[in-house]
Amino acid sequence: MQIYLVGGAVRDKLLGVATQDRDWVVVGGHPDQLKALGYQQVGADFPVFLHPQTKEEYALARTERKTGLGYQGFSVEFDSSVTLEEDLARRDLTINAMAEDDQGRLIDPFNGKADLDKRRLRHVSPAFREDPLRVLRIARFAARFHHLGFTIAKDTQDLLRLMADSGELQHLVAERVWTEMSRALGETTPSEYFKVLKRCTALAGLFPELDRLFGVPQTMRWHPEVDTGLHTLKALDWARAQTDDVEVLLATLCHDLGKGLTEATMLPSHHGHEQLGANLLRDIAKRMKWPKGPALLAETVARHHTLCHRLSEQSPVAVLDLLKNLNAFRQPSRVEQFGLACAADFYGRSGFERFNYPQRDLLSRYASACLTIAAAPFVQQGLTGKAIGAAMDQARVELLTELIGTDV
Ligand code: ATP
Ligand code: MG
């Protein structure tokens, strides 16, 4: 039985970047052997084991053959005669198909090292086609390594296009698509994920409401970049440079989806895109099975982001309404998240880097001030039930009136 380090850990070591986890392959081993050594079996479809101490993943070398639709339609062979090279051949990208033995020697049958040096994402073999999830994975690696100069090889791009055209991505379950997308949002250049999917036409099937934004014009004065899709991706990368909070990143990605529904006669103006987008997001979140937290922030940002841009024009009562809509008093972190997504919308416009966006801090200040209003004094005054809330709101409005007065 021989054990090799494989996949991301080998790639990241050669690349000189921090690795997230280490994966191992066991060649010539048998499940019983590993269990006897104290490894714990996980995974029902094929044997993956957790090391008794490190808890790292050890998988028996295996081959995979396509038998049906979707990423589950595989038959897997993992008897002890499967070689390391055979195991590496089933992997997605050449840079992910390298192994290292216990002497630190590189095993690299698909020239992954050369592709790393050339900053090239390239598929290992035509079998890449067999798993539509790989389209999302390669888009995610493009987002992760874009800043290092990586691009997708021409042949691989052609293959992605073929896979997208085949319609097989429609068989991916929503949860897997969410997992890939939410991880992609946290990569260094998340816009690349969506650009890769757009270029191979997969985005139209996976997320048509986002795909539709490309080519939709906006008013030049407020959006020198004009195109709504480009604006969205610029905003997303700006947000990512500030945070890795997936909720904020998703909300930034989705803040203008309503602009895809604007009547042609109204363009390049997008009156009412906030409500349209927020309502659309309810259906999208359900269909794409997004978790509740991110889905709700996305809807809130879509509905209220322009209010934040025009914060200085809002009355104290309107500001209080906005804070309540953000659930600011039960979930204060929502205000920060909302403000950041709104700032990303602002800075996601060509040339707007040189301007200030004071609304973000102002809104936080308003929220903090309102948070100092407690229920206790009103209860002591003898108020009960709804009267407590009403008195608190009154006090909040008075505070906001004072604050807003001093800001102008
Ligand atoms: P990360 O740094 O995100 O962990 P990774 O390359 O290690 O990147 P994993 O998802 O941990 O990615 O998978 C480990 C290895 O398994 C990959 O490097 C690749 O060789 C292989 N692999 C994972 N998923 C697939 C897939 N869908 N098709 C082909 N090979 C895959
Ligand atoms: Mg890994």
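**Figure 1. Arg140, a buried arginine in helix α5.** Let's start with Arg140 in this predicted model: its relative accessibility is 1%, so Arg140 counts as buried, the cut-off being under 20%. Arg140 sits in helix α5. Which residues does Arg140 touch, once we leave aside its neighbours within four places in sequence? The list is Glu180, Arg183, Ala184, Glu187 and Tyr193.

**Figure 2. Arg137, another residue of helix α5.** Helix α5 runs over residues 133–145, and Arg137 is part of it. Is Arg137 buried or partly exposed? Arg137 has a relative accessible area of 25%, so it goes down as partly exposed. Skip the neighbours within four places in sequence, and Arg137 is in contact with Asp92, Asn96 and Glu180. Look out for Glu180 here, as it is also on the contact list of Arg140.

**Figure 3. Five residues that UniProt lists under "binding site".** The UniProt entry, which is unreviewed, gives this label to Gly8, Arg11, Arg91, Arg137 and Arg140. Where do these residues turn up in the model? Gly8, Arg11, Arg91, Arg137 and Arg140 are included in the lining of the largest pocket. You have already met two of the listed names, Arg137 and Arg140, in the views of helix α5.

**Figure 4. The magnesium ion and its aspartates.** Ligand 2 is a magnesium ion, and Asp21 and Asp23 coordinate it through their OD atoms. The distances run from 2.4 to 2.8 Å. How open are the two side chains' residues to the outside? Asp21 is partly exposed, with a relative accessible area of 48%. Asp23 is partly exposed as well, at 26% relative accessibility.

**Figure 5. Phe207 and the largest nonpolar core.** This core holds 101 residues, and the members that touch the most others are Phe194, Phe207, Leu253 and Trp290. Domain 1 (1–113) and domain 2 (372–408) each supply at least three residues to this core. Zoom in on Phe207: leaving aside neighbours within four places in sequence, it is in contact with Met181, Leu253, Cys254, Leu257, Ile284, Met288 and Trp290. Here's the general idea to keep in mind: in soluble globular proteins, nonpolar side chains tend to be buried together. There is also a second, separate core of ten residues, with Tyr4, Val6, Val82 and Leu88 among them.

**Figure 6. Lys198 in helix α8.** Helix α8 covers residues 190–199, and Lys198 belongs to it. With 29% relative accessibility, Lys198 is partly exposed. Its contacts, not counting neighbours within four places in sequence, are Leu203, Asp211 and Phe214. How far is Lys198 from Arg354, going by C-alpha atoms? The separation is 30 Å, for two residues that are 156 residues apart along the chain.

**Figure 7. Glu247 in helix α12.** You'll find Glu247 in helix α12, which spans residues 246–254. Apart from neighbours within four places in sequence, Glu247 is in contact with Gly293, Pro294, Leu297, Arg334 and Gln337. Gln20 is 227 residues away along the chain, and the C-alpha atoms of Glu247 and Gln20 are separated by 21 Å.

**Figure 8. Two loop residues with a positive phi, Lys55 and Asn327.** Most residues other than glycine have a negative phi, so positive values are worth a look. What is the phi of Lys55? It is near 65 degrees. Lys55 lies in the loop between β4 (48–50) and β5 (57–60), and at 47% relative accessibility it is partly exposed. For Asn327, phi is near 60 degrees. Asn327 belongs to the loop between α15 (316–325) and α16 (333–347), and it is partly exposed at 26% relative accessibility.

**Figure 9. Zooming back out to the whole protein, with its 19 helices and eleven strands.** The C-alpha trace spans about 80 × 55 × 40 Å along its principal axes. The C-alpha centres of domain 1 and domain 2 are 61 Å apart. How many of the 408 residues count as buried? The share is 51%. Among contacts with a separation of 6 or more, 65% come from residues 24 or more positions apart.

Notes
Residues are numbered from 1 along each chain as its sequence is written. Chains are lettered from A and ligands numbered from 1 in the order in which they are written. This is a predicted model: local features need pLDDT of at least 70, side-chain atom pairs count only at pLDDT 80 or more; totals for chains, interfaces and linings use all residues. Side-chain values use heavy atoms; hydrogens and water are left out. Donors are N, O and S atoms within 2.8 Å of the metal (3.2 Å for Na, K and Ca); water is not among the atoms, so sites may look incomplete. Buried means under 20% relative accessible area, exposed over 50%, partly exposed in between (1.4 Å probe, protein chains only). A nonpolar core is a set of buried Ala, Val, Leu, Ile, Met, Phe, Trp, Tyr and Cys residues joined through side-chain atoms within 4.5 Å. Domain bounds come from an automatic or database domain assignment. Contact means heavy atoms within 4.5 Å. UniProt positions are given in the numbering used here, feature names are shortened, and annotations may be inferred rather than shown by experiment. On a 1 Å grid over the protein atoms alone, a cavity is a set of points where a 1.4 Å probe fits but cannot get out, and a pocket is an open set with protein on both sides within 12 Å along at least five of seven lines; lining residues have an atom within 4 Å of a point. Helices (H or I, at least four residues) and strands (E, at least two) are DSSP runs, numbered from the N terminus.
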